[in-house]
Amino acid sequence: MVYTESISVKTERRLQVIDITHRVLDVLSRSGVSDGVLNVWTPHTTACVTVNEADPDLWEDMLEAFTRLVPVEGRYRHNEKYRWMPREQNAHAHILTSMVKPCVSIPVQNGRPLLGTWQRILFVELDGPRSRSVQVSVLGG
Amino acid sequence: MVYTESISVKTERRLQVIDITHRVLDVLSRSGVSDGVLNVWTPHTTACVTVNEADPDLWEDMLEAFTRLVPVEGRYRHNEKYRWMPREQNAHAHILTSMVKPCVSIPVQNGRPLLGTWQRILFVELDGPRSRSVQVSVLGG
Amino acid sequence: MVYTESISVKTERRLQVIDITHRVLDVLSRSGVSDGVLNVWTPHTTACVTVNEADPDLWEDMLEAFTRLVPVEGRYRHNEKYRWMPREQNAHAHILTSMVKPCVSIPVQNGRPLLGTWQRILFVELDGPRSRSVQVSVLGG
C-alpha cells in the first residue's frame, strides 16, 4: 500500500536548515505501514532535503560550504536573463538543489525508520524565505 | 506491482542536460500505476539524473559550476592510467556522477508524479556524446 | 513484500571507498524478490553510499576531489565547538555526507539489480576507521 501526506514548511531566511524529522515520523505513524520505504520529496527547484546531525552549528558550516562552492553572488546566465526580477537571482539555489536533490528514501522496519542515532531528516532552504511543502510517502505493508 | 521500461537518450555534446520528463511520464502512464513511487535510474558511471527547472541557460550554469568544482582537465590517477585511451579521460564525469548519483525517486499520486510547477526530470551527460539509457520503474498499485 | 538485512562494513582509513556490491547482491538473492526496488541505506552522518566504477585509482581521485571541495582541515563551527574531542573534528565528513547522502535506490528485474556494466555499489567512509553498517531493503514481489 501507499500513504502520502504533504507537510508545510515556512522558512525565515535566505539560507536555512530545518529539522523535519518529527513531522515526517508523524506521517509514518499515521500511515500505519510497518515495513517498507519512506520517500521524502520536496517539489521545489531551489530547496532540497538531506539527512544529517541536529547541530545548528554544523548547519551553518554546511550552508557556508555549499555557498562557497556555488556562490550566491556568482555570475550566472539564469540571473542575468532575469536581472530585473529580484526573486530570480537564485541560480546558486537551483545548482545546489541539482546536486543535493529533492529526495531521500529511508527504509522502515516495525513502524520505525532505520535512522541512525545521529540522523535527522533536514529540509535545506537555499532561496528563502518562502512557504515550502514536503511530500511524505510510505510504501509497504 | 512493478512496471519497468528502458528509454534511450542520445547525447550530442561532451556536457549536456536533456529534459526527459515527457518520456518518463509516458512510461508512468503505460504502467497503469495510480499511487506509488517512480524510480528513475541511469545505468552509467559518467552520467546522472537530477530534477530542476527547464531553463537551458540554467543548464549551462549548472554544467559550468559542476566542471568548475571538478574540472574536465584536472589531474586524475584514472586519466593518467588510461592516458592512451582518449575515451577514458573522464575522471571528472565519474566523480561528479558519484556526487549527483544516477537515481531519483518521485512519489506518484492519482497517476501523476508529485513534481512541482518548475520541476523537470533531467538527464545530465558528463562524458558524451554517447547513446545512453534510463530505466524507469514504477512501484505501487 | 519487503525484506531488510543489515550488513557490517569495517573501514580501515580516515577516507576510504569500499565496494559492497557482492554483499548487497547476496541480500537481494536471499530476499527472493524478483521485481522491485533495492534501497541501500547507511545509518551514519559521516559516511555515504554511491554508485560508480570499481577502480581504486578513481576512488583516490574521488576522495581527493571531495576533500578539495570540503577540506578535512577547514575551519568549521562544529569542529571548534568540540575542539577537545579528537573524534569530532569531522565537519568535512558531515557536509560531504549531506551532499552525497546515505542512500541509493536501484531497480530490480528478474532477481537482478539493473546495474550497468561498470556500476558498483560503493560505501564511502569519510571519517574512519570505524565499524559501520548498511541496511539493504528490497521492496517488490
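## A walk around a predicted three-chain model

Start in chain B, where five strands make an open sheet in the order β1-β8-β3-β5-β6, with antiparallel pairing. Keep in mind as you click around that this is a predicted model. Color the two edges next: β1 (2–10) and β6 (112–113) of chain B each have a single partner strand, so one side of each has no neighbour in the sheet. Now zoom in on the β6(B) edge. Strand β5 (residues 103–109) of chain B runs antiparallel to β6(B), and 2 bridges join them. Pick B:Val108 and look across: B:Pro113 in β6(B) stands opposite.

Then show helix α1 of chain B, residues 21–31. This helix packs on the sheet and touches β1, β3 (36–41), β5, β6 and β8 (131–140) of chain B. Line up its direction with that of β1(B) and you get an angle of about 155°.

Stay in chain B for one backbone oddity. Select B:Lys101, in the loop between α4 (91–100) and β5 of chain B. Its phi is near 75°, a positive value in a residue other than glycine. Most residues other than glycine have a negative phi, and most peptide bonds are trans. B:Lys101 is buried, with 25 other C-beta atoms within 10 Å.

Hop to chain A and select A:Lys101, which sits in the loop between α4 (91–100) and β5 (103–109) of chain A. Phi is positive here too, near 70°. Is A:Lys101 buried or exposed? A:Lys101 is buried: 25 other C-beta atoms lie within 10 Å.

Next, still in chain A, go to the loop between β7 (120–125) and β8 (131–140), where you'll find A:Pro129. The peptide bond leading into it from A:Gly128 is cis, with omega near 0°. Flip to chain C for its counterpart: C:Gly128 and C:Pro129 are joined by a cis peptide bond with omega about -5°, and C:Pro129 lies in the loop between β7 (120–125) and β8 of chain C.

Zoom out to the whole of chain A. Count 4 helices and 8 strands, running β-β-α-β-β-α-α-α-β-β-β-β along the sequence. The C-alpha atoms fill a box of roughly 50 × 30 × 25 Å along the principal axes. Of the 141 residues of chain A, 57% count as buried. Among contacts between residues at least 6 apart in sequence, 85% join residues at least 24 apart.

Now for the interfaces. Select the contact between chains C and B, which takes 29 residues from chain C and 26 residues from chain B. On the chain C side, α2(C) gives the largest share, 7 residues. By class, that side holds 15 nonpolar, 8 polar and 6 charged residues.

Swing round to chain A's contact with chain C, where 26 residues of chain C meet 30 residues of chain A. Which element gives the largest share of the side of chain C that touches chain A? That is α4(C), with 6 residues. This side divides into 12 nonpolar, 11 polar and 3 charged residues.

Last stop: superpose chain C on chain A. A turn of 120° with a shift of 0.0 Å along the axis does it, at an RMSD of 0.0 Å. That is the relation of a three-fold axis. Before you leave, highlight the interface residues in both copies: only 15% of those of chain C are also interface residues in chain A, so the copies meet through different surfaces.

Definitions and conventions. Residues numbered from 1 in each chain as written. Chains lettered and ligands numbered in written order. Predicted model: local features only at pLDDT ≥ 70, side-chain atom pairs only at ≥ 80, totals over all residues. Buried ≥ 20, exposed ≤ 12 C-beta atoms within 10 Å, placed from the backbone. Contact = placed C-beta atoms within 7 Å. Nonpolar A, V, L, I, M, F, W, Y, C, P; charged D, E, K, R; others polar. Pairing = 2+ DSSP bridges. Axes fitted to C-alpha atoms, helices over the stretch in contact; angles between N-to-C directions. Least-squares fit on C-alpha atoms with pLDDT ≥ 70 in both.
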